[in-house]
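This report describes the architecture of one protein for a reader who is new to structural analysis. Please keep the sequence and the structure in view while reading.

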Amino acid sequence: MNNVTEFILLGLTQNADVQKVLFAVFTVIYFLTVAGNLLIVVTITTSRALGSPMLFFLFLSFIDGCCSFTMALKMIFDLLTEKKTISFGGCMTQLFAKHFFGGVEIILLTVMAYDRYVAICKPLHYTITMNRRVCGLLVAMAWAGGFLHALIQILFIVWLPCCGPHVIDHFTCDLFPLLKLSCSDTHIFGLFVAANSRLMCMLIFSILITSYVLILCSLRTHNTEGQKKALSTCASHVTVVVLFFIPCIFVYLRPMITFPIDKAVAVLYTMVTAMLNPLIYTLRNAQMKNAIRKLCSRKSVSGDK
């Protein structure tokens, strides 16, 4: 596709009145997303009392903010423009960013499940097993895994010949709409591209489900207070996993065809999930709520001075 200079995006809708409404709604969602994730990042970086699990929350919030910036911001501005275009370089950057940050988030969710497994099932070994060095290595592994996944997707798609028209029936650059633009036989090529995402999606989803099943089984030996605390912590993780993997499974674990509902699903993981994640992290986590209260109290005291 390197013979293409730009693509035309059809966007979510062609109705001008609906576009104005969507612009207002998505702008509010975007600022809520940025504010929520920024609050978590500031809280974790300024609080010394938070343990290693918060390091993973920090990077998840950072990733959600980056996803909103690279994906949602372009869509919001396009709602006000009559002709929606994106350069070839911009399209490939957007595609890479989507799979890079998505890959990192999937691996981080797995790391968080392992962290909870060790904390609940092997509490005496937790401080040794999940020390700062190990947490740093796991985070680095997540970034490396996301980069490798995104790089494979880009290398598959960038060399495909595109004969036109260069019109993408979507509000963002994505794999399946781009494959439809190619004038060569993309059946085998498409299988490789989809297999990369399918394998990663199914493998990690299976690991996550197994981890939380093991955690639930181990809770039978805990007292009632311990069970409530563990379930409260795991509930937030499971909620994030469900919100992330339902769209992922819908998009990639199916035949390589596009559906009208694809745009709505893309809005779900581009806008809604990124906005809800900070709420889930804070409302279901007592440690985080206490840290936010302390941060707000420090700000109010400094403001009074």
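## The second largest pocket

The model discussed here is a predicted one. In it, β3 (167-168), α6 and α9 each contribute at least two residues to the lining of the second largest pocket. Helix α9 gives the largest share of that lining, with 5 residues. The space in this pocket amounts to about 250 Å³.

In total, 19 residues line the second largest pocket, and those nearest its centre are Asp-169, His-170, Pro-177, Thr-258 and Asp-262. By chemical class, the lining of this pocket consists of 11 nonpolar, 2 polar and 6 charged residues.

## Overall architecture

The protein contains 10 helices and 3 strands. Read from the N terminus, these elements follow the order β-α-α-β-α-α-α-β-α-α-α-α-α.

Of the 305 residues in the protein, 48% are buried. The accessible surface of the protein is about 15,200 Å², and carbon and sulfur atoms account for 70% of that surface. Among contacts in the protein with a separation of 6 or more, 80% are between residues 24 or more positions apart.

## The nonpolar cores

Which residues have the most contacts inside the largest nonpolar core? They are Phe-7, Leu-109, Leu-178 and Phe-245, in a core of 64 residues. Two or more residues of this core come from each of β1 (6-9), α2, α3, α5 (132-157), α6 (175-181), α7, α8 and α9. Helix α3 provides the largest share of the core, 17 residues. A second core, separate from this one, has 14 residues, including Leu-22, Ile-29, Tyr-30 and Met-75. As a general background, nonpolar side chains in soluble globular proteins tend to be buried together.

## The cavities

How many cavities of 30 Å³ or more are counted? The count is 2. The largest cavity has a volume of about 390 Å³. Its lining comprises 24 residues, and Lys-98, Gly-102, Phe-244, Tyr-252 and Tyr-269 are those nearest the centre of the cavity. At least two lining residues come from each of α2 (52-78), α3 (88-121), α7 (187-218), α8 (224-252) and α9 (262-283). The largest share of this lining, 7 residues, belongs to α3. In the lining of the largest cavity, 13 residues are nonpolar, 8 are polar and 3 are charged.

The second largest cavity has a volume of about 30 Å³. Its lining is formed by Gly-11, Leu-12, Met-75, Asp-78, Leu-79, Lys-84 and Phe-171. These lining residues divide into 4 nonpolar, 1 polar and 2 charged. Met-75 thus appears in the lining of the second largest cavity and also in the second nonpolar core.

## Two residues of helix α3

Lys-98 belongs to helix α3 and is one of the residues nearest the centre of the largest cavity. Is Lys-98 buried or exposed? Lys-98 counts as buried because its relative accessibility is 12%, and the cut-off for buried is under 20%. Apart from neighbours within four places in sequence, Lys-98 is in contact with Met-71, Asp-174, Tyr-252 and Tyr-269. Two of these partners, Tyr-252 and Tyr-269, are also named among the residues nearest the centre of the largest cavity.

Val-111 is likewise placed in helix α3. Its relative accessible area is 5%, so Val-111 is buried. When neighbours within four places in sequence are left aside, Val-111 is in contact with Phe-56, Leu-138 and Met-141. Val-111 and Val-139 are 28 residues apart in sequence, and their C-alpha atoms are 8.1 Å apart in space.

## A residue of helix α9

Val-272 lies in helix α9. With a relative accessibility of 25%, Val-272 counts as partly exposed, because that class lies between the cut-offs of under 20% for buried and over 50% for exposed. From C-alpha to C-alpha, Val-272 and Ile-29 are 7.5 Å apart in space, although 243 residues apart in sequence. Ile-29 is one of the residues of the second nonpolar core.

Terms used:
Residues numbered from 1 in each chain as written. Heavy atoms only, no water. Helix = DSSP H or I, 4+ residues; strand = E, 2+ residues; numbered from the N terminus. Buried < 20%, exposed > 50% of the residue type's maximum accessible area, 1.4 Å probe, protein only. Contact = heavy atoms within 4.5 Å. Areas by Shrake-Rupley, 256 points an atom, 1.4 Å probe, with all protein chains shown as cover. 1 Å grid on protein atoms, 1.4 Å probe; cavity = no way out; pocket = protein on both sides within 12 Å on 5 of 7 lines; lining within 4 Å. Points joined across faces, edges and corners; volume = space filled by probe spheres on them. Nonpolar A, V, L, I, M, F, W, Y, C, P; charged D, E, K, R; others polar. Core = buried A, V, L, I, M, F, W, Y, C linked by side-chain atoms within 4.5 Å.
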